[in-house]
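User: Hey, I'm new to this one. Could you walk me through it?

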Amino acid sequence: MAREMKDSGIEWIGEIPADWNIVRIGTQYTERKTKVSDTEYPPLSVTMKGIVPQLATAAKTDAHDDRKLVCKGDFAINSRSDRRGSCGISAYDGSVSLINTIMCPRDEMNPEYYDWLFHSTMFSDEFYKWGHGIVDDLWTTNWQDMKRISIPEPTLEEQARIAKYLTKVCAEIDSVIAKTKATIEEYTKLKQSIVVDAITKGIRGDRLMKDSGIEWIGEIPADWNIKVAFQMFKQVKKKNEGLVEQNLLSLSYGKIKRRNIDAVGGLLPESFDSYNIIEKDDIVLRLTDLQNDQTSLRVGLANERGIVTSAYLTLRNQSANTPLYLYYYLHSFDLCKGFYGMGAGVRQGLNWDGLKLLKFALPSVEEQMEITEYLEKKCSEIDALIEKKTALLAEMETYKKSVIYEYVTGKKDITTESEQTVTVVYPYFPAVLTTNKARFAQAILMSKILDSNVSFMGRVKLEKMLFTIEYSLGFDFDTEYHREAAGPLDSSIYECEKIISHANKWFYVNTSSYGVSYKPQKDMSKYKKYYERYFSDYNEEIERIIDVFKNYSLEKAEIIATLYGAWNDFIIDKKQFTDEDIVVEVLTNWNDSKKRFSKEVWLRAIESMKKNNIVPKGYGKHTIIKEVDQ
């Protein structure tokens, strides 16, 4: 039954349950105004994450007595609008800046409920509407105004229930947010690793190497050459006199982007006379604050003609070398902190005279094009994943805000224990493979599977487990699985077997008339340090899938992996489908050997997959269907 609601009469609150009241903050809290010294009471900081011991970055003064007392259980909120959202219940006795308002909770209220209320975006907006100041975005809301703000008052029992629920659900949301942020960081690191490896070692595999004489690179392929910057570039210093060009460009996070020339801080067009005119394929570098700023996003490649500030250093390629390769080289140098500390002067800036002797390791123009084509493809793939994760992050943060607001204002009701079960369906997969050595990483995962169940493992079952884990978590092992008689098959398993048995003495691979089996070698445990490095974040899910497959016979593993592949393909193809459609696909478009199992067997296996949460998400590549000879 829907809960009866009523209009609260307060715009930011909207409707509330009919049995709730509206009260003012001053009826729930009193102000604590006691001035203290931070020599007697430990200094604390009021942040968006709550009340914490004073941050190292906090502004400090010699006026040690100009502090406010905050006691354990008090609620502190920063009164300035540029510190929006900085508030929380203190877990400490201490002192805070005078800019904060300290509130003592009265009896007959639940402080944790109001803590969630005060953290809602809608309350934050309302709080600063009551403020005073001259600058629009720098207002202060003092206690005399704050205490008059209207807030909802549920029953004490419901306050406690809401606080408990939000603590639980927001912890899960925060966990997903943290994992998503970590995934974005890992993707970024992976992209950087791929760029640096390709630029410094090439992509043609093992070859004869030589010392480059360049400290940050080390060895390079023996047929590469060394040149210095002045042999390839000239500095661009063509001024925009008379405003002949008005396509304003700016280097932002490693990309050169357009900006509106009429909306740049109110500057007049005449101020752009001193800007430099650049052309497509020019390389733009921001080389200031080199001692303090290690952001590694100092290099950009121009995609069009335009103007940039003369504070940037602009280089134009005068050689036969590929501009895109030269850009990636300088970007790699930046990623390896090459520019750090190279500057001079107060701002640690670097000019052309300081850069022109920089050494470049150069393959042939043909190989440069191979490398840049490879990097453009790999980087665009990773950028697409980062974009998806960034969108997910924004979605989760918005979701959290809406959850808090809807429950603290009673628009959603917690009526039963089952409804308090938190279900966050936003995944942090596909998983990040933090190395570009995909086959080696795949061999490490193979070793983990064998280590868990080696006594009963043959090649076919091993491969079905590898396939299912790879596609369930979304690892990119650079595989292409074919629809074969025993289920999905990729030839990479043979390379992995060489890695675990010959290149590393982890497992014996025994071939007999009964098939292939595996046995631990003396160095078996050495794979674990790599597993920890590549897979520790995903170990719980990997072990869960391994445990499910442990109980499967060889035929059951084949059935599950085959269904998984067909089912996953439907998702990749964005098709509408039923369980029967999956079975029909297997029986008609996979391999005739699949017809040895009845339709009922396949359908029961799908139910088993759902029960054990072995359900595809659309990760990986489409399985390859064999062409039938006509």
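User: Which residue does Lys 191 meet in a salt bridge?

Analyst: Keep in mind that this is a predicted model. The side chain of Lys 191 meets that of Asp 383 in a salt bridge, with 2.8 Å from N to O.

User: Where do those two sit?

Analyst: Lys 191 is in helix H5 and Asp 383 is in helix H8, so the bridge ties together parts that are 192 residues apart in sequence.

User: And Asp 383, is that buried or exposed, or something in between?

Analyst: Asp 383 counts as partly exposed, because its relative accessibility is 30%, and buried would mean under 20%.

User: How many salt bridges turn up in the whole structure?

Analyst: The search finds 41 of them.

User: Ok, what about Glu 367, which residue does it form a salt bridge with?

Analyst: Glu 367 pairs with Arg 207, and their closest N and O atoms are 2.7 Å apart. This pair also links distant parts of the chain: Glu 367 belongs to helix H8, while Arg 207 lies in the loop between H5 and strand S14 (209-211), 160 residues away.

User: How accessible are the two partners?

Analyst: Glu 367 is buried, at 1% relative accessibility. Arg 207 is partly exposed, with 22%.

User: Which residues are joined with them into one network?

Analyst: Salt bridges with shared partners connect Arg 204, Arg 207, Asp 223, Glu 367 and Glu 370 into one network.

User: What about Asp 523, which side chain does it meet?

Analyst: That would be Lys 526, in a salt bridge of 3.8 Å from N to O. Lys 526 is partly exposed, with a relative accessible area of 47%.

User: Switching to pockets. How much space lies in the largest one?

Analyst: About 1200 Å³. It has 36 lining residues, and Lys 378, Glu 381, Leu 385, Phe 475 and Asp 476 are the closest to its centre.

User: Which elements give two or more residues to that lining?

Analyst: Four helices do: H5 (156-201), H8 (365-408), H9 (438-453) and H10 (459-473). H8 gives the most, with ten residues.

User: What's the mix of residue classes there?

Analyst: The largest pocket is lined by 19 nonpolar, five polar and twelve charged residues.

User: And the second largest pocket, how much space is in it?

Analyst: About 850 Å³. Its lining has 24 residues, and those nearest the centre are Met 48, Lys 49, His 119, Asp 174 and Lys 400. The elements giving two or more residues are strands S7 (50-53) and S10 (87-89), along with helices H2 (111-118), H3 (121-129), H5 and H8.

User: Which element gives the most this time?

Analyst: H8, with four residues. By class, the second largest pocket has eight nonpolar, seven polar and nine charged residues in its lining.

User: How many cavities of 30 Å³ or more are there?

Analyst: Two. The second largest cavity holds about 40 Å³ of space.

User: What lines that second largest cavity?

Analyst: Ile 77, Gly 85, Ser 86, Cys 87, Phe 118, Phe 123, Ser 124 and Tyr 128. Helix H3 gives the most, with three residues. The lining has five nonpolar and three polar residues, and no charged ones.

User: Now the backbone. What is odd about Lys 337?

Analyst: Lys 337 has a positive phi of about 60°, although it is not a glycine. Most residues other than glycine have a negative phi.

User: Where is Lys 337?

Analyst: Lys 337 is in the loop between helix H6 (323-335) and helix H7 (352-355), and it counts as partly exposed at 36% relative accessibility.

User: And what's the phi of Lys 574?

Analyst: Near 55°, which is again positive in a residue other than glycine. Lys 574 lies in the loop between helix H14 (554-572) and helix H15 (579-589). Its relative accessible area is 75%, so Lys 574 is exposed.

User: Last one: is Asn 321 buried or exposed?

Analyst: Asn 321 is buried, with a relative accessible area of 10%. It lies in the loop between strand S24 (313-317) and H6.

User: What does Asn 321 touch there?

Analyst: The side chains of Asn 321 and Ser 319 are joined by a polar contact of 2.9 Å. Leaving aside neighbours within four places in sequence, Asn 321 is in contact with Met 232, Leu 326, Leu 362, Val 365 and Gln 368.

Technical notes: Residues are numbered from 1 along each chain as its sequence is written. This is a predicted model: local features need pLDDT of at least 70, side-chain atom pairs count only at pLDDT 80 or more; totals for chains, interfaces and linings use all residues. Side-chain values use heavy atoms; hydrogens and water are left out. Buried means under 20% relative accessible area, exposed over 50%, partly exposed in between (1.4 Å probe, protein chains only). On a 1 Å grid over the protein atoms alone, a cavity is a set of points where a 1.4 Å probe fits but cannot get out, and a pocket is an open set with protein on both sides within 12 Å along at least five of seven lines; lining residues have an atom within 4 Å of a point. Grid points are joined across faces, edges and corners, and a volume is the space filled by probe spheres set on the points. Ala, Val, Leu, Ile, Met, Phe, Trp, Tyr, Cys and Pro count as nonpolar, Asp, Glu, Lys and Arg as charged, and the others, Gly among them, as polar. A polar contact is a pair of N or O atoms within 3.5 Å; within protein, one must be able to donate a hydrogen and the other to accept it, and residues adjacent in sequence count only if both atoms are side-chain atoms. Contact means heavy atoms within 4.5 Å. A salt bridge is a side-chain nitrogen of Lys or Arg within 4 Å of a carboxyl oxygen of Asp or Glu.
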